[in-house]
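The exercises below are to be worked with the sequence and the model at hand. Each task is followed by a solution in steps.

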Amino acid sequence: MWNELLFAFQSVATLPNFLAMFAGIWGGVIIGAIPGMTGTMAVTLALPFTFYLPPVTSILLLVALYKGSTYGGSISAILIKTPGTASAACTVLDGYPLARAGKGGKALNMALVSSCIGDFISNISLFFLAMPLAMFALRVGPPEFFMLMAFSLTIVASISGRSLVLGIISACLGLLLATVGEDIYGSYRFALSEDMKSGLGMVPVLIGLFALPELIKMIVFRSEENTEAMKLGDNRLTLSEFRGSLKSICRGSLIGVVLGAIPGIGPSTAAFFSYSEARRTSKNGDKFGEGELEGVAASESANNGACGATMIPLLALGVPGDVITGVMLGAFMIHGLTPGPLLFQNNLGEVYALFVGILFSSVFLFIAGKATAGAFTKISRIPQTLLLPCILILCVYGIYSIGASPFDVTVLLVMGVVGFAMMLLNIPAAPFLIAFILGPMFEDNMRRSLAISRGDLGVFFQSWISWGFFALTVLFVILTIRREWKKWREKRDATPTSAS
Amino acid sequence: MFRQLKKAAGLAAAILATTTMISTAQADAYPEKAITLVAPYGAGGASDLAARALAETARNYTDGKPVVVVNKTGNGGMNGARFVSESKADGYTLLLSRVGMALYPAVYTDSPVGWDAYTFLGMLESTPMILAVNANSDVKTIDDLLTKIKDSDGATTYAASGPTAIDGFSVQALLSDVDLDPLTASTLVPYKGGSALAAALLGGHVDFLAIAAGSLMPHIEAGKMRALMVYSPKRMDALPDVPTAKELGYTQAGQVGGWSGLYGPKGLPDDVVAKWTEVLGNVATDAQWLDLAKKRGSVSIIGDEDPSAFVKSQFELYNGMAKQFGYIQ
């Protein structure tokens, strides 16, 4: 094995490979940072170029774009409250408050460091754990997937902010909107127009919900908010801050690796999952959502951790987990390589070259991220009155460019108004989003399980994986109820004393 | 300090411009600018790969004007189809059509686009489908499978994109051919996309499936799945021992299969049609096109079929089955 590795190192360490990766990462970071432009788009646009590149170089380019864009999303999430990609939505929760408090640079640095660590851990697992993780992922059938989604929905309790009830209301709205369009059997729901038949796009909903309310708020309450530019305070990330978040970074990376390896889950769910875990276990848990560096670290380590891991089912089984790895599968096939167990027999040289090349991505990500984030930080100096209209224009163009669909733009604007109404009513937006992301997976897998068992509920309790997630769900719900109960009692005990 | 933003806006505008270029000028020598080719399904799928392969090959014969692939997905491919059929008939917006463009109107009477709402420029490729089981299954032949289905009283499961999708029809046509109830003899478990379907069989979550060869070949070659039957006019080169539905005497299943074609909006000018006939004639023998087709498991059929007669027969096949199975009255 080591001999092959050394040989692979020699074959991968060429200037064109490094150039392709560096260009890919940097391009990915910039595209990811632009609201509305996603990693999927970057990878799809780059696909035709890879027809002319050697196989390893072209896959490295696509992987680099994916990784770059996953980090890049955090830049706009932190600085302008507009997640560039869905996987950065969770970074907004603590990143933007930090930027408002003048610690934007610090948050960006934390995001970069945790992204790189997550990326590195994920690459290492791709290297050593591809086969076992892929086997585990295959065993996750519809019932197990359903239980995992049920557990993931308990995240709502962690990201609801002050009121759990408002959080649950928000999540229910998200679940409701997720049902718009075609269901898995091909019947239509809420298909009020031809466009609604294909459902609401993820990116327009996401950006509408997070970015636009800020703009509407500025127009409606003109003088109340300060419209000055944000101050740029201390930008350096101190060693003690890093050490304080290290546990969350490592845990986030591992969550990312495991969830990323299961086809269909993806980096955004991993980010929310890790955030929820970090909040539950951190001693600063109560401060999450108000600008806690650890929250940024948890979210960013998990989404980049998932990134490399999505390659596991692709390479080991030939099963792409999301659209981006789907495009990569296409790129493999174009070059006559078929991902799957045979790849490791027939093209071991290429596989090792790919693994070695991917290992370098963490380093490139750090350099490209550092340079880009530095430039983007200056955005914070632009006065809000100038910046927000620019963001609106970028969002509208970005959304339109995804599918040249005016309907997506309508969804963006309507969701902006909905988001503003929610802001006024103090309803948190994050539970809405996570429910919107998880809703279809939750529903589809429930219906799939029941189709397989022909209506027998016993199907959900047939494997230890299902039981495990079921137990975790029950435990988490009980803990949440106990916490709420304590809060309620404290309040009740506090009220009479203050009255007397 | 605005440089980054400006760069971003420029990029956004450039992409926008390439995707929505619609000219008002009358073309004297078509093509005089970039041609948009709409792929109605997601990136990385069969339609997307076919579109990109065609775009890459055709650009050598379109007088240096590029063919730009745009994915317009959703609603079973009908979003992209509707976009093209409602575009200006100037030859700058074309559709990489799939079997779904004939299947959807055959199954939904309220389809947003009819099967014939286009100018048919040509058929491109046929993509065989394979009926497969997990390699660990006790089912060794197609007869074993049919016996198992009969004995199980509806408890066997198969994965498909939906009851009225092509990979649902592939199984239902077979069941109907052997006088089983196509809707209840075996239970359909819906999944989205070829790779999710393949993973369901690989993980042993369903008993069998019949989907596009491209999604299954790697697993069959790796020994993880067993091919029982092929839906294609003749046996596949890669699977010389696996019989086709036709030779086993399954009349309806024998006609089911995937394909790609090139469509434009209805009423394309004659010079555009003539140009594309010439371009496709060149593409048909182009080594790159044939090579890319082989790599994704499909067979080039450019020039083999009269497009409108072929699409009409496909529409009638699925329309007949939809009526017989009770999807429409």
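**Exercise 1.** Identify the bridge partner of Met129(B) in strand 8 of chain B, and describe the surroundings of strand 5 of chain B.

*Solution.* The model is a predicted one.
Step 1. Met129(B) has Ala212(B) as its bridge partner in strand 8 of chain B.
Step 2. Strand 5 (residues 129–134) and strand 8 (residues 208–212) of chain B run antiparallel and are joined by 5 bridges.
Step 3. Strand 5 of chain B also pairs in the antiparallel sense with strand 9 (residues 225–231) of chain B, over 6 bridges. Here Ile130(B) stands opposite Val230(B).
Step 4. A residue counts as buried if 20 or more other C-beta atoms lie within 10 Å of its own. In strand 5 of chain B, 6 of the 6 residues are buried, so the strand is largely enclosed by the rest of the structure.

**Exercise 2.** Determine the strand order of the open sheet of 5 strands in chain B, and state which helix of chain A packs on it.

*Solution.* Step 1. The order is 7-6-8-5-9, with mixed pairing.
Step 2. Strand 7 and strand 9 of chain B are the edge strands, each pairing on one side only.
Step 3. On average, neighbouring strands of this sheet are turned by 30° against each other, direction ignored.
Step 4. A parallel pair is found between strand 6 (residues 157–160) and strand 8 of chain B, joined by 2 bridges. Within this pair, Ala159(B) has Leu209(B) as its bridge partner.
Step 5. Helix 20 (residues 430–453) of chain A packs on the sheet and touches strand 6 and strand 7 of chain B. The direction of helix 20 of chain A makes about 165° with that of strand 7 of chain B.

**Exercise 3.** Describe the open sheet of 6 strands in chain B and state its order.

*Solution.* Step 1. The strands are ordered 2-1-3-10-4-11, and the pairing is mixed.
Step 2. At the edges are strand 2 (67–71) and strand 11 (299–300) of chain B, each of which pairs on one side only.
Step 3. Strand 11 of chain B pairs with strand 4 (residues 118–127) of chain B in the antiparallel sense, over 2 bridges. Ser300(B) in strand 11 of chain B is the bridge partner of Glu125(B).

**Exercise 4.** Characterise the side of chain B that touches chain A.

*Solution.* Step 1. The contact brings together 49 residues of chain B and 52 residues of chain A.
Step 2. Elements of chain B giving two or more residues include helix 2 (46–58), strand 2 and strand 7 (187–190). Helix 1 of chain B gives the most, with 9 residues.
Step 3. By class, this side of chain B divides into 23 nonpolar, 18 polar and 8 charged residues.

**Exercise 5.** Compare two helix pairs of chain A by the angles between their axes.

*Solution.* Step 1. The axes of helix 3 (residues 39–50) and helix 15 (residues 323–334) of chain A come within 9 Å and cross at roughly 5°. These two helices of chain A are therefore roughly parallel to each other.
Step 2. Residues of helix 3 of chain A in this contact include Val43(A) and Leu47(A), and those of helix 15 of chain A include Val327(A) and Ala331(A). The contact has 6 nonpolar, 5 polar and no charged residues.
Step 3. Helix 6 (residues 104–139) and helix 17 (residues 348–377) of chain A pack at about 170°, with their axes 9 Å apart. Angles over 145 degrees count as roughly antiparallel, and helix 6 and helix 17 of chain A are therefore roughly antiparallel to each other.
Step 4. Among the contributing residues are Leu108(A), Asp119(A) and Phe120(A) of helix 6 of chain A, and Phe355(A), Leu365(A) and Lys370(A) of helix 17 of chain A. This contact has 12 nonpolar, 8 polar and 2 charged residues.

**Exercise 6.** Assess the overall form of chain A and the exposure of Lys247(A).

*Solution.* Step 1. Chain A has 21 helices and 2 strands.
Step 2. For 500 residues, a compact globule would have a radius of gyration near 23 Å; the 22 Å of chain A agrees with this.
Step 3. Of the 500 residues of chain A, 59% count as buried.
Step 4. Lys247(A), in helix 11 (residues 239–261) of chain A, counts as partly exposed because it has 15 C-beta neighbours inside 10 Å.

Notes. Residues numbered from 1 in each chain as written. Chains lettered and ligands numbered in written order. Predicted model: local features only at pLDDT ≥ 70, side-chain atom pairs only at ≥ 80, totals over all residues. Axes fitted to C-alpha atoms, helices over the stretch in contact; angles between N-to-C directions. Helix = DSSP H or I, 4+ residues; strand = E, 2+ residues; numbered from the N terminus. Parallel < 35°, antiparallel > 145°, perpendicular 65-115°, else oblique. Contact = placed C-beta atoms within 7 Å. Nonpolar A, V, L, I, M, F, W, Y, C, P; charged D, E, K, R; others polar. Pairing = 2+ DSSP bridges. Rg over C-alpha atoms; globule rule 2.2 N^0.38 Å. Buried ≥ 20, exposed ≤ 12 C-beta atoms within 10 Å, placed from the backbone.
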